[in-house]
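This report looks at how one chain is built and how its parts meet. It moves from domains to helices, then to a sheet and the contact between chains.

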Amino acid sequence: MDRKTIILGVIGADVHAVGNQILNYAFMDAGFRVVNLGVMVSQEEFIEAAIESAADAIVVSSLYGHGELDCQGFRDKCDEAGLKGILLYVGGNIVVGKQPFAQVEERFRQMGFDRVFGPGTSPEEGIHALKEDLGVT
Amino acid sequence: MRQVLLIDFGSTYTKLTAVNLDAPGVLAHAQTRTTADSDLSIGLNEGLALLEAQAGPFRFEARLACSSAAGGLNMVASGLVPNLTAKAAKLAAFGAGAKVIRTYAYQLTREDAEEIAGIRPDILLLTGGTDGGNSEVIIHNARRVSGIPSNFPVIVAGNRSAREKCADILMKSTHPVFCADNVMPEMNRLVIEPVQRVIRQVFLERIISAKGLSETQALLDGILMPTPSAVLEGLKLLAGGSNKHAGIGDLVAVDLGGATTDVYSIADGFPTGANTVLRGLIEPRVKRTVEGDIGMRFGARGVLEAAGSEAFTRLTGLPEEAVTRVIAGYSARPEALPANEEEEKVDFALAVLAIRTALGRHAGTLEKVYTPVGPMYQQTGKDLSGARRLVVTGGALIYAGNLKDIVREALMRADPLVLTPRDAIISCDRGYILSAMGLLSGYDQDAALELLLGAFGKEEENAAC
């Protein structure tokens, strides 16, 4: 019962399924209880899944460049749904074009994401961050 | 000759069917008024006399019954998220043949508890949380329900981690408690058969006697299930067949009533298009829904509200004022039959739009999404567009003139993004064979299937329509 639960999925109209499967496998292998919603997931679906499964974190992927639009207001909706303080990660090709990552990270932090990962992040980095933030030893 | 009697105690009529098992066939069929307010056996004996007069005398080796008399099986369902466990609970209850009076999501409030006390359901189904997921809400709700001063049974079928706690809380109350496996153990995965078995068991052990129907039991081998459940059993057998004979495959059925309309589907309904992604709850292969606001008489106003007066004026060619007037009259006089051409036209439109609305709510939907790799579709619910057979049944059929025209019209102008049957063979069940064979299927499956295939197995439109 002390296994931490994370909700995983690719947000918006994004159909990139391969990275999602890799993360699903890597997170499960690292001992997390993973609720994988797959591709084309709306904010509402992430939130509903987090409520039913009493999730500890929501990990959002976006590969197709529209992540910034898709993620607008996500934190507010979590707060509204009673998921106050839930850990919120986002990663992938989350903005259009090549922009300095520091700026991108800052914008997503402003939107309420606890951690922001750029292109080329290894699954291990995400696992490490989750363990640190959730106090898993 | 081996003979079995099948009885359906409906809310208005008691339907009796005598069948021969040796060379499977219907020997006689009769219908009398249901006498639920006094003693069901009065109507039953009248019916038996009618049967005997047709083809008697009979020596039945079994008398099996289903019942929707005395209000049927009324349930209240409660879950966590409206689209997830609350929906799962509702689907489970519908599939068990219940009327779901109300579905609640999230924490039950004091007002909710008062409302439930007023509803006085036959059973309350408590769900919420995936296994290992949220347990706070279902435990809160168990506490809330335990405070309702009544003795309706409660079935706990939520997060397994919270089951014991919920049962403990309820055990200390006036409510009998039953437990079943979680209706949604993992995200979007429904497991509703276990809870349906428990609902059936509670129905058999408690509800029948609580409704004063048990005295009739002496004349019978038992009221085995609620009527919709018998219809569902009949449809399952007709679609899936037995070990010996194949069924007719995926099908959809509509039971058009005066007050409500039931829709059944026996089909997986998975996406058929290559660029269609299924989202949300994966619905059960055997699915029943009830539209409480859609019907030919009490439900007529609901049809008008759902379909809009424009649809009525288009179908009838009558001015809006005339449509509204006729419908108001029907809501007030549920026993009325169309008396003139105007009313006949409205009746036709009512049947078309009731079927279209109810099918549309039961079936899944498509949403077009533009992605960088081109347009994609997201499917929610079941794709029934390929169903080859549509069975229409129900008491309200007697109002409707040409049933085949009605159903064709209902299917023809359906919304392209709503996944209702497009081009199905239309059959109708005027003799209530479905519920009778659903009952028989638990006794002699092969005979039941043979009779069903005899009635619906042909690849052409049912001549009786």
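In this predicted model, chain B splits into domain 1 (3–69 + 215–221), domain 2 (74–207) and domain 3 (251–456). The C-alpha centres of domain 2 and domain 3 of chain B are 29 Å apart. Their contact draws 13 residues from domain 2 of chain B and 10 residues from domain 3 of chain B.

On the domain 2 side of chain B, α2 (85–95) and β6 (99–104) each contribute at least two residues to the face that touches domain 3 of chain B. The largest share of that face is from α2(B), with five residues. By class, the domain 2 face has seven nonpolar, three polar and three charged residues.

**Helix packing**

Two helices of chain B pack against each other: α10 (residues 320–332) and α11 (residues 341–362). Their axes lie 10 Å apart and cross at an angle of about 85°. An angle of 65 to 115 degrees counts as roughly perpendicular, so α10(B) is roughly perpendicular to α11(B). From α10(B), the contact uses B:A322, B:V323, B:V326 and B:I327. From α11(B), B:E342, B:E343 and B:V346 take part. Five of the contact residues of α10(B) and α11(B) are nonpolar and two are charged, with no polar residues.

**An open sheet**

Five strands of chain B make an open sheet with mixed pairing, in the order β14-β12-β11-β17-β18. The edges are β14 (286–291) and β18 (425–429) of chain B, and each pairs on one side only. From one strand to the next, the twist averages 15°.

At one edge, β17 (residues 389–393) and β18 of chain B run parallel, joined by five bridges. One pair can be named: B:V392 has B:C428 in β18(B) as its bridge partner.

**Chain B against chain A**

The contact between the chains involves 20 residues from chain B and 14 residues from chain A. Three strands of chain B, β13 (276–279), β15 (365–371) and β16 (374–380), each supply at least two residues of the side that touches chain A. The top contributor on that side is β15(B), with three residues.

The table sets out the residue classes of the three contacts.

| Contact | Nonpolar | Polar | Charged |
|---|---|---|---|
| Side of chain B that touches chain A | 10 residues | nine residues | one residue |
| Side of domain 2 of chain B that touches domain 3 of chain B | seven residues | three residues | three residues |
| α10(B) with α11(B) | five residues | no residues | two residues |

Notes
Residues are numbered from 1 along each chain as its sequence is written. Chains are lettered from A and ligands numbered from 1 in the order in which they are written. This is a predicted model: local features need pLDDT of at least 70, side-chain atom pairs count only at pLDDT 80 or more; totals for chains, interfaces and linings use all residues. Two residues are in contact if their C-beta atoms, placed from the backbone, lie within 7 Å. Helices (H or I, at least four residues) and strands (E, at least two) are DSSP runs, numbered from the N terminus. Ala, Val, Leu, Ile, Met, Phe, Trp, Tyr, Cys and Pro count as nonpolar, Asp, Glu, Lys and Arg as charged, and the others, Gly among them, as polar. Domain bounds come from an automatic or database domain assignment. Axes are lines fitted to C-alpha atoms, for helices over the stretch in contact, and angles run from 0 to 180 degrees between N-to-C directions. Angles under 35 degrees count as roughly parallel, over 145 as roughly antiparallel, 65 to 115 as roughly perpendicular and the rest as oblique. Two strands pair if DSSP finds at least two bridges between them.
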